[in-house]
Amino acid sequence: MAVRTIEWIDNKIVLLDQTLLPTEEKYLIIDSIDVLAEAIKSLRVRGAPAIGVAAAMGVALAGKLFHGQSREAFNEDVLKAIDLLQKTRPTAVNLFWALDRMQNILKAHSSNSIADIQKILIDEAMKIFEEDRQICRLMGKNGADLLDHSVTILTHCNAGALATADYGTALAVVYAAHEQGKKVKVFSDETRPLLQGARLTAWELQKSNIDVTVICDNMAASVMKSGLIDCVIVGADRIAANGDVANKIGTYGLAILAQAHKIPFYVAAPLSTIDMSISHGDQIPIEMRASQEITHGFGKQTVPDGVTVYNPAFDVTPNTLITAIVTEAGVVRTPFQKVFQEIMPSS
Ligand code: MRU
C-alpha cells in the first residue's frame with residue numbers, strides 16, 4: 001500500500017498527521033502517551049481500526065517508557081496510560097477493544113519480569129497491527145465479490161488506508177475490486193465538517209490511481225437520482241448486536257437516500273467493530289465535538305459570533321436500511337444478530 005498510516009519504529013509510534021492532508025505529508029514521531037492522546041482526540045490519527053492500533057501501540061509505549069524497578073509500579077503506569085487513552089474518543093469501539101486486549105495481556109502475565117512484559121506488550125500491539133492488515137484484505141475480497149464488473153460506488157468519510165493498518169474497510173472493497181480488474185469509480189462525499197471524504201478519501205484513491213469524484217454532502221440525493229450510483233459502501237465505528245451501525249455523521253441520511261433510490265447500502269467493518277454488549281444503536285455513545293469545527297472550519301469563520309452549534313461526530317443507521325455488512329468472516333445479511341452470534345469469536 002502506498003500509504004503508511006501508523007507504524008512502530010524504534011520503540012516509537014510513527015503517525016501520518018491526517019489533519020495536514022491533502023497538502024502536507026508529515027509524519028509525527030510519538031514517544032509520549034499525552035502526545036498520543038492528543039493525536040487521537042484531534043484526529044491526527046483517526047478511523048476506528050487505526051484508533052485501535054494506535055491505542056494498542058500506546059500501551060506498548062507506556063510499558064517501554066517505564067524506568068522504575070517494581071512490577072507493581074509498572075502496572076500502575078500502564079493502567080494510567082490505558083485510562084487516559086480510553087477517554088480520548090467514545091464512539092469507535094475498536095479503541096476499547098484494543099485497550100481491553102492489552103490490559104488482559106498485562107494481567108495474564110502478572111508474574112513476568114518488567115523486561116519480559118515490556119516485550120510481550122510490544123508483541124501484542126504488533127499482532128493487533130498485523131491482524132488488522134490481514135482483516136482488511138479479507139474484507140476487501142469478501143466485499144469485491146458483491147460488485148459487478150463495472151461499478152460506481154458512493155462512500156462517506158474515510159474508511160480506507162488512512163483509517164486502518166492496511167487498505168481499509170469500505171475502501172478495501174474498492175481496492176480489491178480494482179486489483180481484480182473490475183472497473184471501479186468512486187464518488188466521495190466531502191463529509192462536513194472535517195472533510196475526511198474530500199481531504200483523505202480523495203487523496204488516497206488518487207494516489208492509487210482509482211477514479212474518484214468529490215461531491216458536497218448535499219449532492220448525494222441528486223447524484224443517486226441521476227442513476228450515477230450502483231451502491232453505497234461505508235465503514236463503521238461501532239455496530240450494535242442487532243446490526244444498527246454508528247458511523248460518521250451523515251451516514252444515516254445516505255442510507256435513507258439509498259433506500260429511496262433502491263440502491264444497495266453496504267457497511268464494511270471488522271468483527272472488532274461489533275459490540276455484542278450493546279443491543280441497539282441508540283445505546284451507542286455518540287461523540288460531540290467542538291463547535292469551532294463548524295463555526296471556524298479550517299480557520300475561516302463561517303457562522304456569526306454567538307450562534308449555537310450542534311456537532312455530533314456520528315449518527316446511527318438502523319439495521320433495516322442496511323443491505324449487508326461485509327466482515328473478514330463473510331458477508332452478513334439480516335437477521336444480523338443471529339449471524340453475529342455464530343461468527344463472533346468468544347472472548
Ligand atoms: O471521526 P473519524 O474521522 O474518526 O470518523 C471515521 C469514520 O466515521 C469511519 O467511517 C469509520 O471509523 C470507519 S474507518 C474504517
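In this predicted model, Asp10 is found in the loop that joins strand E1 (6-9) to strand E2 (12-16). The backbone of Asp10 is worth a look here, as its phi is positive, at about 50 degrees, even though the residue is not a glycine.

Two further backbone features involve proline. The peptide bond leading from Arg192 into Pro193 is cis, and its omega is near 0 degrees. Pro193 itself belongs to the loop between strand E5 (183-189) and helix H7 (196-207). A cis peptide bond is also found from Thr334 to Pro335, again with omega near 0 degrees. In this case the proline, Pro335, is placed in the loop that runs between strand E14 (330-332) and helix H11 (336-343).

Attention can now turn to the ligand. The ligand sits in the largest cavity of the model. Around the ligand there are 18 residues, and those that come nearest are Arg46, Arg89, Asp237, Asn247 and Lys248. Three of these residues also appear in the side-chain distances to ligand oxygen atoms. For Arg46, a polar side-chain atom lies 2.6 Å from an oxygen atom of the ligand. For Arg89, the distance between a polar side-chain atom and a ligand oxygen atom is 2.8 Å. For Lys248, an N or O atom of the side chain is 2.7 Å from an oxygen atom of the ligand. The enclosure can be put in terms of surface as well: the ligand taken alone exposes 410 Å², and the protein buries 100% of that area.

What is the make-up of the shell around the ligand in terms of nonpolar, polar and charged residues? The shell divides into 8 nonpolar residues, 6 polar residues and 4 charged residues. Where the shell comes from can be described at two levels. At the level of secondary structure, helix H2 (48-65) supplies at least two residues of the shell, and strand E9 (245-248) likewise supplies at least two. Lys248, with its side-chain atom 2.7 Å from a ligand oxygen atom, falls within the bounds of strand E9 (245-248). At the level of domains, at least three residues of the shell are drawn from domain 1 (6-137), and at least three from domain 2 (140-343). Both domains thus contribute to the surroundings of the ligand, which the protein buries to 100%.

Note on methods: Residues numbered from 1 in each chain as written. Predicted model: local features only at pLDDT ≥ 70, side-chain atom pairs only at ≥ 80, totals over all residues. Heavy atoms only, no water. Near = heavy atom within 4 Å. Polar contact = N/O pair within 3.5 Å; in protein donor to acceptor, adjacent residues only side chain to side chain. Areas by Shrake-Rupley, 256 points an atom, 1.4 Å probe, with all protein chains shown as cover. 1 Å grid on protein atoms, 1.4 Å probe; cavity = no way out; pocket = protein on both sides within 12 Å on 5 of 7 lines; lining within 4 Å. Sits in = over half its atoms within 2 Å of the grid points. Helix = DSSP H or I, 4+ residues; strand = E, 2+ residues; numbered from the N terminus. Nonpolar A, V, L, I, M, F, W, Y, C, P; charged D, E, K, R; others polar. Domains from an automatic or database assignment.
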